[in-house]
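Here are some quick notes from my pass through this one. Have the viewer open while you read, and shout if anything looks off on your side.

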Amino acid sequence: MQTYLKLMRSGNCLMAGIAAVVGVFIAYNIVASNTSLLSSDLIVFPALDALKVFMVVFFVTGAGNAINDYFDIDIDRINKPERPIPSGKIGLRTALYFSLALFGIGTILAASINLICGAIALVNSLLLIYYASTLKRTALLGNIAVGYLTGSTFLFGGAVFFDNGGINGVFVLFLLATLATIAREIVKDIEDIEGDREDGAHTLPIMIGAKKAAYLASLIGLIAVLASPLPYLQSLMSVRYLMIVAIADILFAVAVYEILGKDDPARSSKMFKMAMAFALISFIAGA
Ligand SMILES: CC(C)=CCC/C(C)=C/CC/C(C)=C/CC/C(C)=C/COC[C@H](O)COP(=O)(O)O
Ligand SMILES: CC(C)=CCC/C(C)=C/CC/C(C)=C/CC/C(C)=C/COP(=O)(O)OP(=O)(O)O
Ligand SMILES: [Mg+2]
């Protein structure tokens with residue numbers, strides 16, 4: 001069991017699942033405070049749908065990580081030999097079937113919430129397979145795909161209230177998460193530049209050089225920081241959000257310094273992830 005959770009990168013699955021439930025909660029707050037609803041129409045928080053949302057995102061994120069390691073076997077044998085597939089703890093074909101099963105269960109469970117949730121889960125599942133097999137080796141498109149997928153956790157949560165404009169309500173959270181993830185993905189590609197070059201990949205750092213890619217990642221990351229007050233200004237979040245997202249913004253700034261000032265993509269990637277975790281906490285605290 002432990003090895004399969006490692007293949008799924010369960011920490012990322014947990015983070016993504018929590019983000020999706022934040023999306024449900026924010027959309028619920030918007031819809032429940034909508035004065036045009038008659039009192040008899042007051043909506044109770046859909047706890048069962050929120051649980052399904054968490055499970056769908058946990059399974060589909062885990063499937064995406066598993067299929068990624070399935071296609072990355074040759075690179076990971078060199079760069080990450082301790083991972084479940086290259087270390088032999090899980091067979092290659094077993095990992096593939098495990099991933100496809102998780103994609104199927106996640107999509108069916110999503111469709112039981114509503115058709116829009118089912119559609120998002122299906123599109124994301126297909127995009128995760130396409131990313132792992134092809135897109136991740138193309139400059140910027142792979143980074144944008146992972147950025148969209150990560151940000152889509154909020155859209156997926158908001159889709160529970162699709163008929164009441166739930167997706168519009170969480171769009172700014174989608175944007176912030178997408179920008180922050182694209183910045184981190186470019187930094188990760190800078191970190192992996194040698195392995196990717198041997199593998200014949202055409203990632204952004206290989207195409208334009210590590211320094212220019214670092215400037216672009218920093219610009220995108222700083223745009224996300226400058227936009228971070230928007231959820232508060234849109235009255236989506238309370239002042240508690242502002243106080244905690246300020247910590248995230250400082251960590252984003254440190255991540256930019258690590259890649260631009262100290263030329264250390266590994267530390268920058270870790271700082272970006274820590275900043276994203278604090279940003280997620282600020283969403284929870286401020287919702
Ligand atoms: C400025 C601002 C307020 C930004 C918002 C940042 C935010 C709340 C981001 C959400 C993060 C999120 C939902 C993460 C889900 C899990 C995750 C880390 C997804 C991206 O993973 C792809 C990555 O390549 C995996 O690699 P690794 O982390 O090294 O295993
Ligand atoms: C909203 C729904 C239904 C699903 C969202 C699913 C999510 C959050 C996807 C985004 C994050 C994710 C799981 C991306 C998978 C691809 C991945 C692991 C990219 C990083 O892999 P590599 O570029 O190969 O780098 P490493 O393997 O060294 O980390
Ligand atoms: Mg990989």
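1. Let's begin with a helix pair towards the end of the numbering, bearing in mind that this is a predicted model. Helix 14 (residues 239-260) packs on helix 15 (residues 265-286) at an angle of about 170°, and their axes are 8 Å apart. Angles over 145 degrees count as roughly antiparallel, so helix 14 is roughly antiparallel to helix 15. Sorted by class, the residues of this contact are 22 nonpolar, three polar and three charged.

2. Next, helix 5 and helix 6. Helix 5 covers residues 92-111 and packs against helix 6 at about 160°, with the axes 7 Å apart. That angle makes helix 5 roughly antiparallel to helix 6. The crossing between helix 5 and helix 6 is right-handed.

3. Who actually touches whom between helix 5 and helix 6? From helix 5 come Leu100, Phe103, Gly106, Thr107, Ala110 and Ala111, and they meet Cys117, Gly118, Ala121, Leu122, Ser125, Leu128 and Ile129 of helix 6. By class, that contact has nine nonpolar and four polar residues, with no charged ones.

4. Helix 6 (residues 115-133) also meets helix 7 (residues 141-158): the axes come within 11 Å and cross at roughly 160°. Helix 6 is therefore roughly antiparallel to helix 7. Is the crossing of helix 6 and helix 7 left-handed or right-handed? This one is left-handed, whereas helix 5 passes helix 6 in a right-handed crossing.

5. On the helix 6 side, the contact with helix 7 uses Cys117, Ile120, Ala121, Asn124, Leu127, Leu128 and Tyr131. Helix 7 contributes Gly142, Ala145, Val146, Tyr148, Leu149, Ser152, Leu155 and Phe156. The split here is twelve nonpolar, three polar and no charged residues. If you're colouring residues, note that Cys117, Ala121 and Leu128 of helix 6 appear in this contact and also in the one with helix 5.

6. Now for ligand 1. It has 21 residues around it, and the closest are Arg9, Arg184, Glu185, Lys188 and Lys273. Which side chains put a polar atom by an oxygen of ligand 1? Lys273 has a side-chain N or O atom 2.7 Å from a ligand 1 oxygen. For Arg9, a polar side-chain atom sits 3.0 Å from an oxygen atom of ligand 1, and for Asn12 the corresponding distance is 3.2 Å.

7. Ligand 2 is surrounded by 19 residues, with Arg9, Asn68, Asp72, Lys136 and Lys188 as the closest. A polar side-chain atom of Lys136 is 2.4 Å from an oxygen atom of ligand 2. Arg9 places a polar side-chain atom 2.7 Å from a ligand 2 oxygen, and an N or O atom in the Asn68 side chain is 2.9 Å from one.

8. One last thing to look at is Arg9, since you'll meet it at both ligands. Arg9 is listed among the closest residues to ligand 1 and also among the closest to ligand 2. Lys188 likewise turns up in the closest set for ligand 1 and in that for ligand 2.

Notes. Residues numbered from 1 in each chain as written. Chains lettered and ligands numbered in written order. Predicted model: local features only at pLDDT ≥ 70, side-chain atom pairs only at ≥ 80, totals over all residues. Heavy atoms only, no water. Axes fitted to C-alpha atoms, helices over the stretch in contact; angles between N-to-C directions. Helix = DSSP H or I, 4+ residues; strand = E, 2+ residues; numbered from the N terminus. Parallel < 35°, antiparallel > 145°, perpendicular 65-115°, else oblique. Left-handed = near helix turned anticlockwise from the far one by under 90°. Contact = heavy atoms within 4.5 Å. Nonpolar A, V, L, I, M, F, W, Y, C, P; charged D, E, K, R; others polar. Near = heavy atom within 4 Å. Polar contact = N/O pair within 3.5 Å; in protein donor to acceptor, adjacent residues only side chain to side chain.
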